[in-house]
Amino acid sequence: MDIHATTSTQTTPQAQSPDAGTWTLEKARALHDAPFNNLIFLAQTVHRQNFDPNKVQLSRLLSIKTGGCPEDCGYCSQSAHHESGLKASKLMEVRRVIAEATKARDAGATRYCMGAAWRNPKARDMDAVVAMVEGVKALGMETCMTLGMLDLEQAVRLKQAGLDYYNHNIDTSERHYSEVISTRSFADRLETLEHVRQSGIKVCCGGIVGMGEEATDRIDMLVTLANLPEPPESVPINMLIPIAGTPLAEARPIEPIEFVRVIALARIMMPKSHVRLSAGRTAMTDEMQALCFFAGANSIFVGDTLLTADNPGEDKDTMLFRRLGIEPMDLDTQ
Ligand code: SF4
């Protein structure tokens, strides 16, 4: 397909991109910069070849250990390096986590994501997080955790406990990474992703846009993800929520059409992945979210809060889904 064609052409894009694993910045850039209608049309076509276009997967997120994090991610209110005013808390008790997960399941969530503000889990924390995975799994939900860097042994232990997904974002391009975080490297991220894959846990990995990066950085981030030995099963795309007291409090917001281009590109480059419209939905209009779903986003977080930032309440999401004719995705089709 000539993605830049200005006249209508009959197109049959491949379900699995013929470029899988061999994306270059140039190829991805050509798609990204195409006329918007051509890009969105291709993204929707690829989406329909791989998913029911009117189903969206719902995940629920719980912060099991908030704040006081030794990492210095420039966007995050939980870093001990920033003055965001967030109060640090200890690791939540296992039974409280299970009680919260039960409520989420009863409200329709099929995947439960548990996040801890750590550089990496300590040996003394592993028994508790393993018990959380086992308990949530026993409720019949998919389990996901984000705990920072993992060594292979920890990943294998979590897999044995029943962990389905591990979230570990690469955040941005390799070039822009050190502008945002100094306490770890891009290579550190890739190493943990490798441990997660080796253990057999599915990978949830994406990034954040609107952190002062160039369009090239956003494209390059997707090239890295699409070229992983196996692309992530879930690709969260977050729009920065600037938080007072963090280094990115004044970051220039990304323009909505630019954001939709990133979603569309992710859909085309990783046709079989769930592309998650993640943090930042409170700053999006219903129309922008609808456009993102049309561009291939098919997963969201539900609930009033993400780890620490606001998220549209369930009523608002339910109403939007009703207006768009979108239904929650069943567990067995995920
Ligand atoms: S994003 Fe995660 S690792 Fe970075 S400061 Fe926040 S909690 Fe820590």
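**A walk through the predicted model**

Let's start at R276, which sits in strand β8, the stretch covering residues 274-277. Keep in mind that this is a predicted model. R276 counts as buried because 24 other C-beta atoms lie within 10 Å, and the cut-off for being buried is 20 or more. Who does R276 touch? Setting aside residues up to four places away in sequence, its contacts are G206, S234, V235, P236, I237, A297, S299 and I300.

R276 also turns up in a record. The unreviewed UniProt entry lists C113, C144, C204 and R276 under "binding site". These four are spread over 164 residues of sequence, yet they cluster in space, with a largest C-alpha distance of 14.0 Å.

Next, take C204 from that list. You'll find C204 in strand β5, which runs over residues 202-204. Is C204 buried or exposed? C204 counts as buried, because it has 28 C-beta neighbours inside 10 Å. Leaving out residues up to four places away in sequence, C204 touches C144, Y165, Y166, N167, P232, E233, S234 and P236. One of these, C144, is on the UniProt list too. And if S234 and P236 ring a bell, that's since R276 touches them as well.

Now for the ligand. Around it are C69, E71, C73, C76, Q78, S79, A117 and G148. By type, this shell divides into four nonpolar residues, three polar ones and one charged one.

Over in helix α7, residues 186-199, we meet H195. H195 counts as partly exposed because it has 19 C-beta neighbours inside 10 Å, and a buried residue needs 20 or more. Beyond its neighbours within four places in sequence, H195 is in contact with L150, D151, L152 and A155. How far apart are H195 and E153 in space? Their C-alpha atoms are 8.4 Å apart, although 42 residues separate them in sequence.

Last stop: the nonpolar interior. In soluble globular proteins, nonpolar side chains tend to be buried together. Here, the largest nonpolar core has 91 residues, and L222, I263, L265 and A266 touch the most other members. Which helix gives the most to this core? That's helix α9, residues 256-269, with nine residues. For a look at one spot in the core, pick L265. Not counting residues up to four places away in sequence, L265 touches A28, L31, H32, I219 and L222. L222, like L265, is one of the core residues that touch the most other members.

Key
Residues are numbered from 1 along each chain as its sequence is written. This is a predicted model: local features need pLDDT of at least 70, side-chain atom pairs count only at pLDDT 80 or more; totals for chains, interfaces and linings use all residues. UniProt positions are given in the numbering used here, feature names are shortened, and annotations may be inferred rather than shown by experiment. Helices (H or I, at least four residues) and strands (E, at least two) are DSSP runs, numbered from the N terminus. A residue is buried if 20 or more other C-beta atoms lie within 10 Å of its own, exposed if 12 or fewer, and partly exposed in between; C-beta atoms are placed from the backbone. Two residues are in contact if their C-beta atoms, placed from the backbone, lie within 7 Å. A residue is near a molecule or strand if its C-beta atom, placed from the backbone, lies within 6 Å of it. Ala, Val, Leu, Ile, Met, Phe, Trp, Tyr, Cys and Pro count as nonpolar, Asp, Glu, Lys and Arg as charged, and the others, Gly among them, as polar. A nonpolar core is a set of buried Ala, Val, Leu, Ile, Met, Phe, Trp, Tyr and Cys residues joined through C-beta atoms within 7 Å.
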